[in-house]
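Thanks for making time this morning. I would like to walk you through one model, and I will try to go slowly for anyone who has not seen it before.

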Amino acid sequence: MTYTLDQFCADAHAAMAKDSGSAGRDEIRVHLEKLLINQDFVAEHLSAQGSGKSLLYHDKEFDFYVMAHGTDAGNRKGKPHDHGASWAVYGQATGLTNMTVWNRTDDGSQDGHAELSEDNTFPLMPGKAALFDTGVIHSTAHPEPARWVRVTGTDLDTIERYAYDPERQVMKRMTPA
Ligand SMILES: [Fe+2]
C-alpha cells in the first residue's frame, strides 16, 4: 500500500507523542524513508518544486515542520551549521546529498571562534533519511540537481543557530538576535 504524506505526518505526530527525544526523531527518520519511495508524492510535492523550499506540514502540538527543498543548480555546497536547540531529519527524494559531519574541537570559550574537524562524509541517496540530532554540526553538498525533505523540531529561522567557517575558524549567528 502506498504510504502518503498524510500518513507520514500522522505517524510523525504519534512518534513525537510517544517520545519527543532521540527515539521519536529516529522513528520519524524511519517513516520518512517510507514516504520517499512514494513516486506520486515525489512527483507532486518535490519534482514540481524548483530551487528553494516550501512548507508541507506544520504540527501545531509538537511544532515540528516538514519542508520540501530543492536545487536545480549543479555543485551547490553549503556551510557547516548547527540546528540550535532543535534537530533535523534529512530525507533524499532525487539526486543526492553529500553529508559531512563535523566535530567541534575548541572549548567554545572565545566569542565567535570555532575550530572544526571533519568527522565523516556520506552520500544520502534517494529513499534514505538521516537524523542530525541536537548539537550535531553538518554541511550539505549537492553535486547535481536534487530534491529532499527536511523535518525540523521547530522553525529553524526563528532560533539561535550558527554557521561555521572551518578554514577561518569563525562562527556566525545565522538568525537575528
Ligand atoms: Fe542542516
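The buried residues of helix H3 pack against two other helices, H1 (5-18) and H2, and also against strand S2 (65-71), S4 and S9. Please keep in mind throughout that what you are looking at is a predicted model.

Which residues of helix H3 are buried? In this helix, which covers residues 39-47, they are Phe 41, Val 42 and Leu 46. If you look down the axis of H3, these buried residues fall within an arc of 95°, so they line one face of the helix. On the other side of H3 you will find Asp 40 and Ala 43, which are exposed.

Let me turn now to the sheet, to which the strands I just mentioned belong. It is an open sheet of 5 strands, paired in antiparallel fashion, and its order reads S1-S2-S9-S4-S7. At the edges sit strand S1 (52-58) and strand S7 (129-132), each of which pairs on one side only. From one strand to the next, the twist averages 20°.

Within this sheet, I would point you to strand S4, residues 88-94, and strand S9, residues 146-152, which run antiparallel and are joined by 6 bridges. In that pairing, Gln 92 of S4 stands opposite Trp 148 in S9.

Finally, where does helix H2 pack? This helix, residues 22-36, packs on the sheet, where it touches S4, S7 and S9, and its direction makes about 10° with that of S4.

Conventions. Residues numbered from 1 in each chain as written. Predicted model: local features only at pLDDT ≥ 70, side-chain atom pairs only at ≥ 80, totals over all residues. Pairing = 2+ DSSP bridges. Helix = DSSP H or I, 4+ residues; strand = E, 2+ residues; numbered from the N terminus. Axes fitted to C-alpha atoms, helices over the stretch in contact; angles between N-to-C directions. Contact = placed C-beta atoms within 7 Å. Buried ≥ 20, exposed ≤ 12 C-beta atoms within 10 Å, placed from the backbone. Arc of directions from axis to C-beta.
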